[in-house]
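Reader: Before I rely on the labels attached to this model, I would like to see how each one is justified. Could you show me the structure and then take my questions in turn?

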Amino acid sequence: MAMGASSSAVLLAAVALVLCGSAARAQAQTPVFACDASNATTVTYAFCDRSASLAARAGDLVSRLTLAEKVGFLVDKQAALPRLGIPAYEWWSEALHGVSYVGPGTRFSPLVPGATSFPQPILTAASFNVTLFRAIGEVSQSSFTALFCSVLFFHGIYNFHRHCGAAGSGRFGSGQVVSNEARAMHNVGLAGLTFWSPNINIFRDPRWGRGQETPGEDPLLTSKYAVGYVTGLQDAGDGDSLKVAACCKHYTAYDVDNWKGVERYTFNAVVSQQDLDDTFQPPFKSCVVDGNVASVMCSYNQVNGTPTCADKDLLSGVIRGDWKLNGYISSDCDSVDVLYNNQHYTKTPEDAAALSIKAGLDLNCGNFLAQHTVAAVQAGKLTESDVDRAITNNFITLIRLGFFDGDPRKLPFGSLGPKDVCTSSNQELAREAARQGIVLLKNKGALPLSAKSIKSMAVIGPNANASFTMIGNYEGTPCKYTTPLQGLGANMATVYSPGCTNVACSGNSLQLDAATKAAAGADVTVLVVGADQSIERESLDRTSLLLPGQQPTLVSAVANASAGPCILVIMSGGPFDISFAKASDKIAAILWVGYPGEAGGAAIADVLFGYHNPSGRLPVTWYPESFTKIPMTDMRMRPDESSGYPGRTYRFYTGDTVYAFGDGLSYTSFAHSLVAAPPKQVSLPLAEGHTCLAAEECASVEAEGEHCDGLAFDVRLRVHNAGEVAGGHTVFLFSSPPAVHNAPAKHLLGFDKVALAPGQTALVAFKVDVCKDLSVVDELGKRKVALGSHTLHVGDLKHSISLNV
Ligand SMILES: *[C@@H]1O[C@H](CO)[C@@H](O)[C@H](O)[C@H]1NC(C)=O
Ligand SMILES: *[C@@H]1O[C@H](CO)[C@@H](O)[C@H](O)[C@H]1NC(C)=O
Ligand SMILES: *[C@@H]1O[C@H](CO)[C@@H](O)[C@H](O)[C@H]1NC(C)=O
Ligand SMILES: *[C@@H]1O[C@H](CO)[C@@H](O)[C@H](O)[C@H]1NC(C)=O
């Protein structure tokens, strides 16, 4: 997204806003909508009839349009059609981690100067708290619980321990966040209804500049994040209606932005069917099938030689056909232009327009389809009914959003307004999300700090007083910031020294003397280093995993000079090779805090002082710098021993790690014990005549069919907080399948998070569906259950199960 969007454009917009502040205020009062109930003509249109079916309403509207008018509904800057009372509508809004100004459909004004800015998704994902994923999108914990209990089934895994039924206030209670703030802004004409979030691409390579936007490297975690966040945004509490429309992007196998000159606009991702179906597609499938998302966005890149936005198999075949998308397929911004002008995939622009619409594209971010579709129809390259199909999908989405129901202020959500944005409970949830995500990677007893026994603190580093850096990209104007320095300073006297002028930390920007002097004179040192958008961002991948510039020198020198314990805080989206700090006796503790959002500094202080016990776990593998010798463009997930290719992500990577997926410490300790051992043996009842019964050796059987029915067992365990302080704990259930079909070394089947007081015990239960959860994807992309010994890992326990026929 955002080809050509530049910070100068943002700056200009900001200047314009200041100059026309009062104009904006006046203008901002009126939302855009069609079917004004006070107009005697529009009320007679069948497409305005709220009692008619979605298909009938969309069909009526389409039937009133000329071809030239129709193509105006194929692009994000949807043309106005005054003769039918339809205003212009901008489809492109963003809400990756809060309502954002990045899409032109949303802006801030004196009326709504900012919105709640949550952590970047990579940190929220580290909480491994599905309740939180959804709460950010929508409702408070109290009003959420009841809803959650009815949607607990997910890939056959469910949890017993939740206190279902403890629901509090109604649906529209106080804690509804991103979708509430979006609707509130829509009602005053400041935001659209269609938000192109979340980004659910797999964080396949640690160098990816956009990894920060994603929930990490694991398909299950990413799927759960997608379903939670999308449901939070969209759920309007009644059937087909949408509160706001979410969009899962970027479909598919998109995770190279600009690496050593290889750009996403022309990159051809060469992906095996096995990796596609095993790694890249599952989050999109869950988003559509389980999350019922209203939109999927195709990416810029090609997959195996075909641009995704022109790939009929991927769009019509998979998303619309197999997964039954109920919504629209959008292009990334200028994707269609890109496949013509940058990739030279078609001879003429009309061919590009025809090919993408016929492949299943409904909406073009950009203007390409408005420019070339009429000519394409006239040249016989596509039919008008192809165009009708596309705009029908778009219209149905708008109808579900209430766009054709008249003034939204008279509809459900109509009472939301500026007072509902940046409320104290919304901002508290932003702080809570950051706290829940922060990962404690090392602690030699220095943490938590005691505000009583420590009198002074040196706060050092280029991110020590970070503000804008904390909100990452796809940001909006936050309600306010609490920087690390401010958060820590609220607890005790601090001395601040940036150490370098910025995170790039070039040799001549080092300010070692001031930094070491501050560290030498304080009871404790907190060093906040890491990255920002100058190091990793959209259109910029990294080439190194080391801390930027002279940051390692700064860290070592300050650690050496510190009079008290030195605590290292890494603020970044992607992982770093910080082996030197991990090994150093001088560094007492290490935390990773992602890009923690507007309340990041308060959350960091909460964790350092022990007001919150850290419970975040890494959602990505932290590789050593040597990993960068493999090209980022090599999409293969699986290792290849013959060439020394190490494979990718915890599921396949065979090399050493700095920190592993799932790592994260607590201030307390947890013990696990199985309540009842799962079976040692499970037999698949194959039908007579199944080839496997006759075969001498049969490595696996299909993961669907009658033999799968009801084939499930429970893994139930007790988790006990054996320490002195309360804390949250994520229980992971992994499985290591037999080594057939190049199966992953292990993969995550389920996770669940419990909060326990000291001495408290909880029961955690996973239902394992043998065919769904223990299966792997074979070389042809089919799910298979491997026969033989599967090892389940839960906490520090292992259990072997033998599957046979
Ligand atoms: C009523 O709506 C029609 C379009 O449907 C428009 O042409 C007309 O100007 C509107 N009337 C008023 C009074 O706004
Ligand atoms: C820290 O950042 C805040 C917010 O940008 C700023 O107001 C404050 O002056 C900074 N503090 C120091 C000591 O630079
Ligand atoms: C820190 O101290 C160690 C020895 O304790 C030394 O080897 C290293 O050079 C010092 N680093 C810096 C940057 O001063
Ligand atoms: C998960 O997040 C919700 C919402 O913030 C919170 O109420 C709950 O306590 C969290 N669960 C755990 C186990 O931390």
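Author: What follows is an exchange on how several labels in this predicted model are reached.

Reader: Why is Val569 called buried?

Author: The label buried requires a relative accessible area under 20%, and Val569 has a relative accessible area of 0%, so Val569 is buried. As for its place in the chain, Val569 belongs to strand E15, which covers residues 566-571.

Reader: Which residues are in contact with Val569, leaving aside its neighbours within four places in sequence?

Author: Contact is a matter of heavy atoms within 4.5 Å, and with those neighbours left aside Val569 is in contact with Val526, Leu527, Val528, Val529, Leu591, Val593 and Ile604. Ser127 can be placed relative to Val569 by two separations, namely 442 residues in sequence and 17 Å in space from C-alpha to C-alpha.

Reader: How do you know that Lys586 makes a polar contact with ligand 3?

Author: A polar contact is a pair of N or O atoms within 3.5 Å, and an N or O atom in the side chain of Lys586 is 3.1 Å from an oxygen atom of ligand 3, so the pair qualifies. On its own ligand 3 exposes 360 Å², of which the protein buries 36%. The residues around ligand 3 are Lys586 together with Thr553, Ser556, Ala557 and Asn560, and by class they divide into 1 nonpolar, 3 polar and 1 charged.

Reader: What makes the pairs that Asn129 and Gln436 form with ligand 4 polar contacts?

Author: Against the limit of 3.5 Å for N or O atoms, a polar side-chain atom of Asn129 lies 2.3 Å from an oxygen atom of ligand 4, and an N or O atom in the side chain of Gln436 is 3.2 Å from an oxygen atom of ligand 4. Both distances are within that limit, and therefore both pairs are polar contacts. The protein covers 76% of the 360 Å² of accessible area that ligand 4 has on its own.

Reader: Which helix and which strand each supply at least two residues of the shell around ligand 4?

Author: They are helix H17 (424-437) and strand E22 (747-756). The shell around ligand 4 holds 4 nonpolar, 3 polar and 2 charged residues.

Reader: Where does UniProt place the feature "domain: Fibronectin type III-like"?

Author: The unreviewed UniProt entry places that domain at residues 729-798, a span that in this model is 6% helix and 60% strand, with its end C-alpha atoms 18 Å apart.

Note on methods
Residues numbered from 1 in each chain as written. Chains lettered and ligands numbered in written order. Predicted model: local features only at pLDDT ≥ 70, side-chain atom pairs only at ≥ 80, totals over all residues. Heavy atoms only, no water. Helix = DSSP H or I, 4+ residues; strand = E, 2+ residues; numbered from the N terminus. Buried < 20%, exposed > 50% of the residue type's maximum accessible area, 1.4 Å probe, protein only. Near = heavy atom within 4 Å. Polar contact = N/O pair within 3.5 Å; in protein donor to acceptor, adjacent residues only side chain to side chain. Areas by Shrake-Rupley, 256 points an atom, 1.4 Å probe, with all protein chains shown as cover. Nonpolar A, V, L, I, M, F, W, Y, C, P; charged D, E, K, R; others polar. UniProt positions renumbered as here; feature names shortened; annotations may be inferred.
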